[in-house]
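Good morning, and thank you for the time. I should like to present one structure to the group, element by element.

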Amino acid sequence: KMTQQMRDLQLAQARKPPGPSSPNAAKRLYRNLSGKFRVNYTSFDEGSLVGRGEKEKLRKSYLFQSNAALFEAMELQDLDRVQELLKHYSPEELDLNTPNSEGLLPLDIAIMTNNAPIARALLQAGAKESPHFVSLESRSLHLSTLVREAEQRVNELMAQVVNEAPNADCSEKEKQLKAWEWRFRLYKRMKAGFEHARVPDAPSSVHLSVASSSSLQVTFWEPLSVNSAVVTKYKVEWSCSPTFSPLLGEAVIDKLKDLHFTIRGLVSGTAYHVRVSAYNMKGWGPPQASTPPSAIPSNWREYDGRAPRRRGQAEALDHLLGQVKTVHQHCICHEPCKNQPQSRKHSVSKSLKHLFHPGSKFLKTLKRGLYLTAIFYKDDNILVTHEDQIPVVEIDDTYSCLLMQDFLWFTKVSCMWDEILWLRQCVTVSQSSCSCILQTRFKMLLAISQMQGLLGIQDLGQVFFEPIKDKQGNILIVTLKEVKTNQTFESVRWVPICKLQTSRKSVSSPEEPTALDTLLVSVQDKLAYHQRSSHALSPGLYLGYLKLCSAVDQIRVLVPERLPNILCHVKIRSNPNVSREEWEWLQKMASVEEPVPTEPEADTSQNPLFQELQVAIRELMALVNIPLQEAKDFRLYSQEVLDFGDQVSFLLLLPPSDDVCTAPGQNNPYTPRSGFLTLPLQIFELGEER
């Protein structure tokens with residue numbers, strides 16, 4: 001069919017009057033032979049280095065030439081140009097998988113000229129082989145026909161150029177001749193590449209691991225041979241028999257950006273054998289068996305039948321909160337203060353009306369007391385009041401020493417920004433006890449309501465892990481929230497952070513800065529902390545280091561500054577699942593009280609988890625600045641694997657029992673390098689939940 005299309009195209013050209021008669025494919029694929037196109041393509045390549053606006057202009061001007069530019073880059077074997085085109089144009093704009101009139105795709109030309117680097121770049125971009133080549137014979141016949149017809153066309157044009165006198169038509173025919181000569185050489189290279197190619201070797205390595213109690217993960221690598229044609233897809237097969245008879249299933253993988261595959265829907269406790277084979281234009285190569293040869297889908301929880309720690313906890317807490325709300329709604333003491341003294345009722349009413357009174361506004365300066373500030377930011381901008389101040393409201397002007405328990409209570413309230421009104425009503429009832437703690441917390445709720453009302457925002461964000469204090473007796477609780485979209489707010493406006501920092505006039509000395517000055521100077525550090533604390537780990541199994549230090553009123557945990565919502569850690573592997581067999585091995589180590597493995601042993605050197613742990617422990621000890629020989633006294637926590645969702649899990653490395661938590665005044669024998677900080681344990685737990 002394709003050969004007939006070629007003949008029809010040539011007949012149509014023969015009937016045309018003198019003028020441009022090159023085939024459409026020649027125009028699309030090889031317009032580089034035209035002097036005009038060469039100039040345009042050079043301009044396109046240089047234009048990629050100019051500004052974004054000029055790049056967009058060039059993108060629109062030369063979009064119609066993108067397909068031709070891609071083929072020119074392939075012919076020149078210019079990997080950089082191919083990658084540049086794939087970066088700036090989508091597969092649809094490049095017509096990446098639309099066959100031309102000869103039934104060829106860009107990937108066909110790349111693999112049949114054995115241009116492996118470009119073929120791999122095309123494959124990662126989603127390029128496919130032409131669907132017209134259904135067999136080796138059809139591909140060979142088609143290439144032979146293209147070579148023969150291109151040679152015939154070259155001879156015809158050459159005869160016309162030689163016999164005709166120089167004129168405009170002759171000049172056009174010379175261009176056509178060059179284009180057909182180029183096509184003739186290209187088709188011969190493609191034909192020779194196909195004839196000399198052979199089926200691919202087996203993948204160089206196939207690794208099999210247990211992904212869950214019903215799935216296995218297969219990771220494989222390209223064949224080592226460099227003489228074979230480019231591999232364009234892989235086939236994964238699995239069976240319960242080492243002979244693979246019968247075959248239980250297979251999967252063809254043609255998206256080669258990541259060479260791995262997860263076999264799902266398997267039976268827990270059943271051994272499965274897996275093998276992988278590679279494919280190129282000559283067909284399927286021999287299979288490569290996995291290492292280990294088989295694996296059994298399982299999970300560490302099957303060792304003792306343990307249920308997930310967090311199963312149903314969120315639902316149970318929601319149900320419990322609903323019950324508490326129901327009880328409070330029907331509680332007699334929750335009715336509108338009937339039994340309270342008139343003066344008390346008037347005082348509470350007055351404080352509530354104060355929130356909505358026009359006089360309620362943000363503070364410009366701080367007096368001795370406790371305050372709340374909310375930082376909202378987007379990119380390099382921050383929300384400020386019309387007086388160019390960060391929003392601040394007063395909590396308590398008689399509170400000069402913030403107790404850690406009050407601050408931790410406030411951080412828990414930050415998980416319920418939408419429930420502040422209900423919480424405030426509950427605490428109001430309890431004020432009859434005249435508890436100082438309850439009065440302080442009620443004032444905190446009032447301040448939150450005031451901030452929400454002035455800003456017109458319910459969610460004030462995440463509480464910074466420590467308040468800001470100054471020598472004047474001011475304490476500032478800071479909340480942080482990143483705004484993802486363009487929003488307008490009441491009583492505030494957006495201002496660049498740098499402008500705010502340079503325009504504000506300090507009213508304090510550098511030796512004794514106020515809490516507001518300290519906040520302004522350190523605001524970018526706090527924003528960086530907030531952004532880092534919201535980052536998530538990539539899927540995998542990690543080794544975490546648990547180190548605590550205690551004070552009079554709190555316990556703090558060591559975390560890395562780059563990811564303060566996670567313990568100090570290194571990645572063990574990409575597969576987060578710990579199989580039952582691996583967990584049995586860890587339990588065996590713990591039962592005989594063996595030290596942490598830092599050196600290989602003969603009976604465990606073949607255990608993949610043992611080898612992975614060795615590497616991870618060395619990396620972790622170097623990270624926290626602990627000599628490797630001291631790690632021999634460390635222990636692996638063997639009570640459970642810490643699962644954070646389905647994609648991230650942790651094994652914990654613990655110091656000796658006497659050194660897990662450093663007491664006040666005690667010398668810490670394991671001092672980490674810079675790049676770490678300690679968070680209150682409750683703050684860390686809240687950040688981990690987020």
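I will begin with how the model is to be read, and then turn to strands, helices, charged pairs, a surface patch and cysteines.

This is a predicted model, in which local features need pLDDT of at least 70 and side-chain atom pairs count only at pLDDT 80 or more, while totals for chains, interfaces and linings use all residues. Residues are numbered from 1 along each chain as its sequence is written, and side-chain values use heavy atoms, with hydrogens and water left out.

Let me start with the strands. Helices (H or I, at least four residues) and strands (E, at least two) are DSSP runs, numbered from the N terminus. Two strands are said to pair if DSSP finds at least two bridges between them. Strand β2 covers residues 215–221, and strand β1 covers residues 205–212. These two pair in the antiparallel sense over 7 bridges, and they form a hairpin with 2 residues between them. One of the bridges joins Val210 to Leu216 in β2.

Strand β2 also pairs with strand β5, residues 260–263, in the antiparallel sense over 4 bridges. Here Val218 has Phe261 in β5 as its bridge partner.

How many of the residues of β2 are buried? The term buried means under 20% relative accessible area, exposed means over 50%, and partly exposed lies in between, with a 1.4 Å probe and protein chains only. By that rule 5 of the 7 residues of β2 are buried, and the strand is mostly covered. As a general point, side chains in a regular strand alternate between the two faces of the sheet.

I now turn to the helices. Helix α13, residues 404–413, has 7 of its 10 residues buried, so the helix is largely enclosed by the rest of the structure. Among those buried residues are Met404, Phe407, Leu408 and Phe410, together with Asp406.

A second helix to consider is α17, residues 515–533, where His530 is found. His530 counts as buried because its relative accessibility is 10%. Which residues is His530 in contact with, leaving aside its neighbours within four places in sequence? Contact means heavy atoms within 4.5 Å, and the residues are Tyr377, Gln462, Leu480, Lys481 and Glu482.

Next come the charged pairs. Side chains of opposite charge can pair when their charged atoms come close. A salt bridge is defined as a side-chain nitrogen of Lys or Arg within 4 Å of a carboxyl oxygen of Asp or Glu. The structure holds 20 salt bridges, and I will show several of them.

In the first example I have chosen, Glu195 forms a salt bridge with Lys191, the closest N and O atoms being 2.4 Å apart. Both residues lie in helix α10, residues 168–196, and because they are 4 residues apart there, about one helical turn separates them. Glu195 is partly exposed at 43% relative accessibility, and Lys191 is partly exposed at 22%.

The next example joins the side chains of Glu237 and Arg275, at 2.8 Å from N to O. Glu237 belongs to strand β3 (residues 233–239) and Arg275 to strand β6 (residues 272–280), so this pair ties together parts that are 38 residues apart in sequence. Glu237 is buried at 8% relative accessibility, whereas Arg275 is partly exposed at 22%.

Another salt bridge joins the side chains of Glu129 and Arg139, at 3.4 Å from N to O. Both Glu129 and Arg139 are buried. Finally in this group, Arg573, Glu582 and Glu612 are linked in a network of salt bridges.

Let us also look at the cysteines. A disulfide is a pair of cysteine sulfur atoms within 2.5 Å. How many disulfides does the structure hold? The number is 0. For Cys549, the nearest cysteine sulfur is that of Cys661, 6.9 Å away, and Cys549 is in no disulfide. Cys661 is likewise in no disulfide. Cys549 is partly exposed at 27% relative accessibility, and Cys661 is partly exposed at 29%.

I close with helix α11, residues 313–330, which contains Leu320. Leu320 is partly exposed, with a relative accessible area of 46%.
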